[in-house]
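Biologist: I've never looked at this one before. Could you walk me through it, one question at a time?

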Amino acid sequence: TGTALAAALPVLQKLESCGFETVFVGGCVRDSLWKRPLKDIDIATAARPEQVMDLFPQTIPTGLKHGTVTVIHNDSHYEVTTFRTESGYEDFRRPASVQFVDNLAADLQRRDFTINAMAMRSNGEIFDPVGGLDDIRKGVLRCVGDPDARFQEDALRMLRAIRFAAEYELRIAPATWRAIKRHQRLLVNIAMERIGSECDKMIGGSHPDRAIVWFAASGLMDDTKEPLPERIQAWGGRRESLGSLANITLLDEPDDRWAACCLAGDLPLPAVKGLFQALCFSARRASRLTAIIALHEAMVEAIKNLSFRSENEWLSLLQDWKLRVLEHGEYASRAWLRIIGELPGLLPSAAERHSIPPLDRTTGSSVEADYSDSLINRLKRELDSLPAFSLSGLAADGSAVLARVGKPAGPWLGRLLEKLLRATALGEVANEKEQLLNYAEQVNRDEVIND
Ligand code: ATP
Ligand code: MG
């Protein structure tokens, strides 16, 4: 962390040499005290934005109204923000106006939590008028100033409180906690995009399990009459879903964690789609996530209906799985296996596990001991053995099939290719060009697929 700050030091020193008090602030100070890797380096200065832009050859006017100029130094970007205070918060979110000030202590007063309101000077000295160091030592997350007022100014801070408490394993100071519970409803005033990005940081952070527990305890989503809490309860707010998410931190991928939250919350597919749309996730990301949920629903349905009495039934589940993999795609299938691998509690109830026959006689493992493990391993092996996951993986492409079948192109071609793909998955034909073309010819003869 020292080196990242050292790299930014020339920016501080240049401003200082021109007589402007300048410091590192916010997350980078907090994280360097915690000896964590730094994300972005924020700098606060007494210089006005125009003065900052005059002093450095490469700058971007990122948010002049709010006093922020991005300075590019040795290819690194630093946000340099003029000391400021804020006022006139409207509708419990962003301030209507900011006032530039010369006083660093006043700038620190507007910041959300004491651990985020420390400054570091170029000589390494910490300026800490609100007691951030003391709270780090005690392990406490505390609002700067009166918590009621601070959450009424900007309700997003309630989510940030939970994020920082979870991430840094802090307790929340009693007055701060009471204020969160008192003002939970103010969250409906906050743009879903900002909520989405906070939740994303919590889910992707070091302790999503803690964030979920804090979230549930805070009551931030208890009132389902409001449209917002109803939608975000997906990600684990339901108390009864917490148990199955206890190991969520074992999942490395943030999107695996998101999907797990939806599964634990038992959200039906349309609600999941609504959630990710509401949280402003990209369409690509939302569709990858919903594919995982859809696959889960299909597999749970298939597993639920098994009597576990016959080997054939089991084999047909495996065939069904392979077709589902093709339907929902390799990404969703691997993600789902990772999820149920770490969180087997998401599968149908344990009672049914006892009567499952050994899935793999070669391992000779006891059925009861590792039902979920052997089920998941078996599904994974089937997936790994698939010759192709999509049409582009087939050894014969559309034009080759067209040439062999010798009919004018039409919608039949796509359907025939899909058939070939499924046939490779089910082991009816090898993924080899000549065999695929023969197979295509035969299907075309047998089924006379026209149009
Ligand atoms: P991270 O980058 O890990 O999210 P951070 O502390 O750097 O943590 P940012 O959102 O980057 O958080 O904000 C930088 C600093 O700006 C914070 O440390 C805090 O001092 C201040 N800040 C950010 N958002 C708010 C807010 N909603 N209310 C008050 N101060 C805020
Ligand atoms: Mg930051």
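Modeller: Sure, here are some questions and answers on this predicted model.

Biologist: Let's start with the layout: which domains does the domain assignment give the chain?

Modeller: Going along the chain, the assignment starts with domain 1 (1-134) and domain 2 (139-241). After those it gives domain 3 (289-384) and domain 4 (391-447).

Biologist: And which domains does the shell around ligand 1 draw at least three residues from?

Modeller: There are 13 residues around ligand 1, and Gly-26, Gly-27, Arg-111, Asp-112 and Asn-116 come nearest. The shell draws at least three residues from each of two domains: domain 1 (1-134) and domain 2 (139-241).

Biologist: How many residues of that shell around ligand 1 are charged?

Modeller: Take the other groups before that one: 2 residues of the shell are nonpolar and 3 are polar. The charged residues in the shell number 8.

Biologist: What does UniProt put at residues 24-142, and what is the strand percentage there?

Modeller: The UniProt record, an unreviewed entry, has "domain: Poly A polymerase head" covering that span. The end C-alpha atoms lie 21 Å apart. As for make-up, residues 24-142 are 23% helix, and strand comes to 38%.

Biologist: Over residues 376-439, what is the helix percentage?

Modeller: Here UniProt, again in an unreviewed entry, places "domain: CCA-adding enzyme C-terminal". The end C-alpha atoms are 32 Å apart in the model. Strand is 0% over this stretch, while helix is 61%.

Biologist: Now helices α14 and α16: is their crossing left-handed or right-handed?

Modeller: α14 is residues 283-304 and α16 is residues 330-342; their axes come within 9 Å and cross at roughly 60°. The way α14 passes α16 is right-handed.

Biologist: Which residues of α16 does α14 meet, and how many residues of that contact are nonpolar?

Modeller: From α14 come Arg-288, Ala-291, Ile-292, Leu-295 and His-296, and they meet Tyr-331, Ala-332, Ser-333, Ala-335 and Trp-336 in α16. The contact has 1 charged and 2 polar residues, and the nonpolar ones number 7.

Biologist: Last one: how many residues of domain 4 are in contact with domain 3?

Modeller: On the domain 3 side, the residues touching domain 4 divide into 2 nonpolar, 1 polar and 1 charged. Those 4 residues of domain 3 are in contact with residues of domain 4 numbering 4.

Key: Residues are numbered from 1 along each chain as its sequence is written. Chains are lettered from A and ligands numbered from 1 in the order in which they are written. This is a predicted model: local features need pLDDT of at least 70, side-chain atom pairs count only at pLDDT 80 or more; totals for chains, interfaces and linings use all residues. UniProt positions are given in the numbering used here, feature names are shortened, and annotations may be inferred rather than shown by experiment. Helices (H or I, at least four residues) and strands (E, at least two) are DSSP runs, numbered from the N terminus. A residue is near a molecule or strand if its C-beta atom, placed from the backbone, lies within 6 Å of it. Ala, Val, Leu, Ile, Met, Phe, Trp, Tyr, Cys and Pro count as nonpolar, Asp, Glu, Lys and Arg as charged, and the others, Gly among them, as polar. Domain bounds come from an automatic or database domain assignment. Axes are lines fitted to C-alpha atoms, for helices over the stretch in contact, and angles run from 0 to 180 degrees between N-to-C directions. A crossing is left-handed if the near helix is turned anticlockwise from the far one by less than a right angle, and right-handed if clockwise. Two residues are in contact if their C-beta atoms, placed from the backbone, lie within 7 Å.
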